[in-house]
Structures are given as C-alpha cells and as structure tokens.
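Visitor: I'm new to this one and would like a close look at a single part. Could you take me to the place where the ligand sits and talk me through what is around it?

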Amino acid sequence: MRRLLDVVVLISGRGSNLQSIIDQTRTGALPIQIRAVVSNRADAYGLVRAQAAGVPTRVLDHRQFPSRGQFDQALMALIDEYSPQLVVLAGFMRILGRDFVEHYAGRLMNIHPSLLPAFPGLHTHERALESGVAQHGASVHFVTPDLDGGPIIVQAEVPVLAGDTPDRLAERVLKEEHRIFPLAIRWFAEGRLQVRAGQVLLDGEVRAEQGLVARPVVATPTSTPGAAQQRE
Ligand code: GRF
C-alpha cells in the first residue's frame with residue numbers, strides 16, 4: 001500500500017477548497033491523509049464539511065490570545081500533535097508570524113486568489129477589476145515570511161470578461177482554485193517539488209503545467225467546451 005502523506009488543513013470559513021481536497025482524497029487521486037482540520041473560528045462551515053467526511057476538527061479562537069505570537073505558538077503546538085508532513089492554508093484568514101512560518105518551512109502551502117505577484121493581500125477581485133487587467137486567476141505557493149510572496153507552485157489564469165462583477169469573477173477563479181490546489185498537494189505528496197533559488201521546480205524543472213491556463217467557463221460563441229480540461 002502507498003504511504004499516505006499526513007496533512008493538517010487550516011481554515012477560517014466556507015471551506016470549499018477543503019472540500020475539493022477531501023473529494024480528491026476520497027477518490028484516491030490525492031495520496032494524503034487529512035489528519036485534522038483546524039479553524040480559528042468555531043462557526044466556519046468548513047468544520048461541518050470535515051466532520052461529514054470523518055476528519056477530526058479542532059478550533060483555536062485567536063481572540064482568546066493576548067498576542068499574535070501567543071496564538072501562533074498555541075497553533076503550532078496543536079498542529080504538531082498530528083506530526084504533519086504538510087500544512088495547508090485553505091482560506092485561513094490570519095497572518096502567521098515568522099516563527100510559525102519558519103517552523104513549517106518547505107511544508108506550508110497557501111492558495112491565493114490572484115496571479116501573484118499581482119494583488120497580494122485582500123479584496124483581490126475588486127482590485128483586479130479596478131485596475132483593468134485582462135487576466136486574473138489563482139496561485140498556490142509555499143509560504144514564507146513575505147506575505148503572499150513565497151515561491152509559486154502553480155497558477156491558473158482566468159480571463160476578465162466584459163461586465164464582470166467581483167462576485168462573478170470570484171466564482172470563476174474559485175473553480176480554478178479547486179483544480180490547482182489538489183494538484184499542487186498531489187505533486188508535493190509525490191515528492192516532485194523542489195525549491196531552488198526561490199523558484200519551484202516540478203520534476204527538476206520549471207514546467208508548463210505550473211502555469212495552467214483556464215479558458216472562460218461561461219459559454220461564449222467562440223468557446224470550446226472542455227477546453228480548460230484539455231490543458232491539464
Ligand atoms: C479562497 O478564495 C482562497 O483563495 C482565499 O480564501 C478563499 C477561501 O475560500 N485564501 P474557501 O473557504 O476555500 O471556500
């Protein structure tokens with residue numbers, strides 16, 4: 001039997017990315033075992049998703065700690081109960097300090113809803129629309145103390161369409177998040193990722209798959225159904 005990678009997933013809310021990881025774990029596409037889902041909010045819907053999948057859940061409320069550093073230390077202690085080989089930030093909305101990030105160096109992954117380095121931080125869809133870019137998207141990256149600035153593992157482009165609102169754009173970006181996050185985790189679990197000089201190598205080189213391009217998922221007269229899938 002294949003050895004499964006022990007993973008802890010951190011969330012703060014809806015948990016749709018968590019769900020995409022759970023789904024692929026169940027089909028056997030992802031050779032991982034989610035040892036625990038940890039939320040800083042007791043009302044995060046992702047906790048319900050985890051429980052439905054039989055995954056242990058823990059809540060650590062950041063408001064119970066007098067400082068960011070003390071929360072980070074408690075979070076580390078909690079995560080380390082599960083000895084994870086990978087820690088995944090799936091919509092975890094707290095900034096983690098240097099000690100935390102260094103403790104998990106090389107095994108801490110985040111998904112961000114923009115084509116980094118464009119639009120780090122919050123409100124990425126609004127900012128993309130305001131700035132008038134033609135292409136937006138999502139990035140999975142290793143986390144370093146530089147906020148949203150760590151080495152990029154994979155990205156997916158989503159074209160900005162005429163008449164887009166932040167919500168419509170977010171919806172199409174989210175579909176791509178659900179595709180590339182499990183993919184990046186699978187590559188990691190298969191031991192295919194390396195970081196050299198701040199750049200992520202897949203199978204020892206920078207490969208086209210790391211810049212997956214998505215076609216518009218809404219129907220347009222010129223769109224080809226299934227084109228997005230063909231690129232994988
Ligand atoms: C996603 O857009 C993710 O990129 C961002 O927060 C959102 C979380 O969504 N970091 P969900 O909780 O996975 O549904």
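Guide: Here is a walk around the ligand, with a short stop at a ring pair afterwards. Keep in mind that this is a predicted model.

Start with the space itself: the ligand takes up the largest pocket. Around it you'll find Arg14, Gly15, Ser16 and Asn17, then Gly91, Ile111, Pro113 and Glu177. Sort that shell by class and you get 4 polar, 2 nonpolar and 2 charged residues. Arg14 and Glu177 are the charged ones, because Arg and Glu both count as charged.

Now for the polar contacts. The side chain of Arg14 has an N or O atom 2.5 Å from an oxygen atom of the ligand. Glu177 also uses its side chain: an N or O atom there is 2.8 Å from a ligand oxygen. With Ile111, look at the backbone instead, where an N or O atom lies 3.3 Å from a nitrogen atom of the ligand. How much of the ligand does the protein bury? Taken alone, the ligand exposes 370 Å², and the protein buries 86% of that.

One last stop, at the aromatic rings. The whole structure holds 3 aromatic pairs. One of them joins Phe100 and Tyr104, with 4.9 Å from centre to centre. Their planes are 55 degrees apart, so the pair counts as tilted, being neither under 30 nor over 60 degrees. Phe100 and Tyr104 are both buried.

Key:
Residues numbered from 1 in each chain as written. Predicted model: local features only at pLDDT ≥ 70, side-chain atom pairs only at ≥ 80, totals over all residues. Heavy atoms only, no water. Near = heavy atom within 4 Å. Polar contact = N/O pair within 3.5 Å; in protein donor to acceptor, adjacent residues only side chain to side chain. Areas by Shrake-Rupley, 256 points an atom, 1.4 Å probe, with all protein chains shown as cover. 1 Å grid on protein atoms, 1.4 Å probe; cavity = no way out; pocket = protein on both sides within 12 Å on 5 of 7 lines; lining within 4 Å. Sits in = over half its atoms within 2 Å of the grid points. Phe/Tyr/Trp six-rings, centres within 6.5 Å; stacked < 30°, edge-to-face > 60°. Buried < 20%, exposed > 50% of the residue type's maximum accessible area, 1.4 Å probe, protein only.
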